Amino acid sequence: MTDEPESFHPLTTRATPLLPPREAAGRRVDVWEEVDRAAAWVSDHWTASPGTAARADRRPDNAVRHALRVLCVALRGAVQDGPGGGAVVPPELPWSVSLTDLVRALRARLLQQTVTQEAAGEPSADPRALVAVLAACERLEDAARADVARVVVEQLSGARALELLVEVAHDMRSPLGSILFLVEQLRAEQGGPITAAQERQLGLVYGAAFGLTALVGDVMELARGGDRLAAGEPAPFSLAQLLEAVRGIVQPIAEEKGLTLVIGEAPAGARTGHGPAIQRVILNLVTNALKFTPAGEVELRVAAERGSRVRFTIRDTGRGIPPRVLAHLFQTFRERPEARDYAFSSAGLGLAICQKLVRAMGGELSVDSEVGRGTRFEFVLDLPHAPLV
């Protein structure tokens, strides 16, 4: 981000307010004063995107205010260079502000402001100077469109960013689901016998496709709040059936890595709760444990406690989690402490969803880990007994 300009005209100084009210001062006024007035209006009325309503508090956004200062200086330079003065370089604005949207908003306000002043007989800028500024706006907008990197960032940080992210994730999920289905069919030898080497290769494909599928699902779930599966009324479900469903999904991953998967017996009978949410949490935690355990075993235990409480424990013999990572483990995105620290992904989407879901169901997800010995995740939920499903 460029430093804040010190001078030029009122908007590009540190003084506030941007401009005081102006008294009638002749037929023509300085065009840059008019640009300042237009920029002040945009600063006060700017929203995340042109299609959204103005903020209720009407307070200028600091990033937008700074961006307008930089933009006004860039416009002044473009006007001084003239139409044939060479290529215009887009100014370095905060990435949270769309340069194209800001230029359009400033240009539209400047035009509307001039028309209103002319109609009311108020002082306005010289038409030739105004045309030069508007032409400079167009040149800056064209330069911004040519900056491919900025266009991509603006698309991913604008009002439609969440919608675009969900669309991409949705488009990825269908083919990944097909890959998983086909691999399962091949491993079941429905197309004929397969060799041990082919079995291992199919296991690798299954593990990679499942990991991508889980990531896509996490992205879509977080985009919808992260705790959607725990919404609505609790319903009867079978813990035994839930554990078998988890086993069927993760067993191929354990076999491919040569790990022992231990899943204890589920408490008898049916319980009332959010079965899909519990399955999602267990599946995420067991998958993570398998992913980060190079040798040994991963264990899933579900135990009935006093009253209707049920304790869920997922334990592994993996590398363990360093204390510096534990402090930020449930953040949605986290930076790797070291460039080569590959044990824990920089994206904590799955664990963030687990924490949200467990809390939405009235529990708390805890973690205990020792480097070199393994990790244990645990949570307790109140799941009242229910008639048999």
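A salt bridge here is a side-chain nitrogen of Lys or Arg within 4 Å of a carboxyl oxygen of Asp or Glu. In this predicted model, Asp 126 and Arg 128 fit that description, with their side chains meeting at 3.5 Å from N to O. The two partners sit in rather unlike surroundings: Asp 126 is partly exposed, at 25% relative accessible area, whereas Arg 128 is exposed, at 69%. In total, the structure holds 15 salt bridges. Side chains of opposite charge can pair when their charged atoms come close.

Several of these pairs turn up in a sheet, so to speak, and the sheet is a good place to get one's bearings. Five strands make up this open sheet, in the order E4-E6-E7-E9-E8, and their pairing is mixed. At its edges stand strand E4 (260–263) and E8, each of which pairs on one side only. From one strand to the next, the twist averages 10 degrees.

Take E6 and E7 to begin with. These strands run antiparallel and are joined by seven bridges. Glu 299 has Arg 315 as its bridge partner in E7. The side chains of Arg 315 and Glu 299 also meet in a salt bridge, at 2.9 Å from N to O. That salt bridge links distant parts of the chain, with Arg 315 in strand E7 (residues 309–316) and Glu 299 in strand E6 (residues 297–304), 16 residues apart. Arg 315 counts as partly exposed, at 26% relative accessibility, while Glu 299 is buried, at 13%.

A second salt bridge reaches from E7 to another strand of the sheet. The closest N and O atoms of Arg 311 and Glu 378 are 3.0 Å apart. Arg 311 lies in strand E7 and Glu 378 in strand E9 (residues 374–382), so this pair ties together parts that are 67 residues apart in sequence. Arg 311 is partly exposed, with a relative accessible area of 26%; Glu 378, at 18%, counts as buried. The pair does not stand alone, as salt bridges with shared partners join Glu 305, Arg 311, Asp 368, Arg 376 and Glu 378 into one network.

Glu 378 shows up again where E9 meets strand E8 (residues 366–370). Five bridges join these two antiparallel strands, and Glu 378 in E9 is the bridge partner of Ser 366. E8 and E9 form a hairpin with three residues between the strands, and there Gly 372 takes a positive phi near 90 degrees.

Helices pack against this sheet as well. H8 touches E4, E6 and E7, and its direction makes about 180 degrees with that of E4. Helix H9 (residues 275–291) lies across E4, E6, E7 and E9, running at about 20 degrees to E7.

Another open sheet has three strands in the order E3-E5-E10, with antiparallel pairing. Strand E3 (235–238) and strand E10 (385–386) stand at its edges with a single partner strand each, so one side of each is left without a neighbour in the sheet. Strand E5 (residues 270–273) pairs with E10 over two bridges, and Arg 271 has His 385 in E10 as its bridge partner. H8 comes into play here too: this helix lies across E3 and E5, at about 60 degrees to E3.

Within helix H8 (residues 239–257) is Glu 255, which counts as partly exposed at 47% relative accessibility. Glu 255 and Gly 203 are 52 residues apart in sequence, yet their C-alpha atoms are 7.9 Å apart in space.

Elsewhere in the chain, helix H2 (residues 62–81) has 20 residues, which should span 28 Å at 1.5 Å a residue; its end C-alpha atoms are 29 Å apart, in agreement with that figure. The buried residues of H2 include Val 64, Ala 67, Leu 68, Leu 71 and Leu 75, and also charged-type names such as Arg 65 and Arg 69.

The neighbour of H2 is helix H3 (residues 99–120), and the axes of the two come within 11 Å and cross at roughly 75 degrees. H2 and H3 are therefore roughly perpendicular to each other. On the H2 side, Val 64, Ala 67, Leu 68, Leu 71 and Leu 75 make the contact; on the H3 side, Leu 99, Leu 102, Val 103 and Leu 106 meet them.

How values were computed. Residues are numbered from 1 along each chain as its sequence is written. This is a predicted model: local features need pLDDT of at least 70, side-chain atom pairs count only at pLDDT 80 or more; totals for chains, interfaces and linings use all residues. Side-chain values use heavy atoms; hydrogens and water are left out. Buried means under 20% relative accessible area, exposed over 50%, partly exposed in between (1.4 Å probe, protein chains only). Helices (H or I, at least four residues) and strands (E, at least two) are DSSP runs, numbered from the N terminus. Two strands pair if DSSP finds at least two bridges between them. The expected span of a helix is 1.5 Å times one less than its number of residues. Axes are lines fitted to C-alpha atoms, for helices over the stretch in contact, and angles run from 0 to 180 degrees between N-to-C directions. Contact means heavy atoms within 4.5 Å. Angles under 35 degrees count as roughly parallel, over 145 as roughly antiparallel, 65 to 115 as roughly perpendicular and the rest as oblique.
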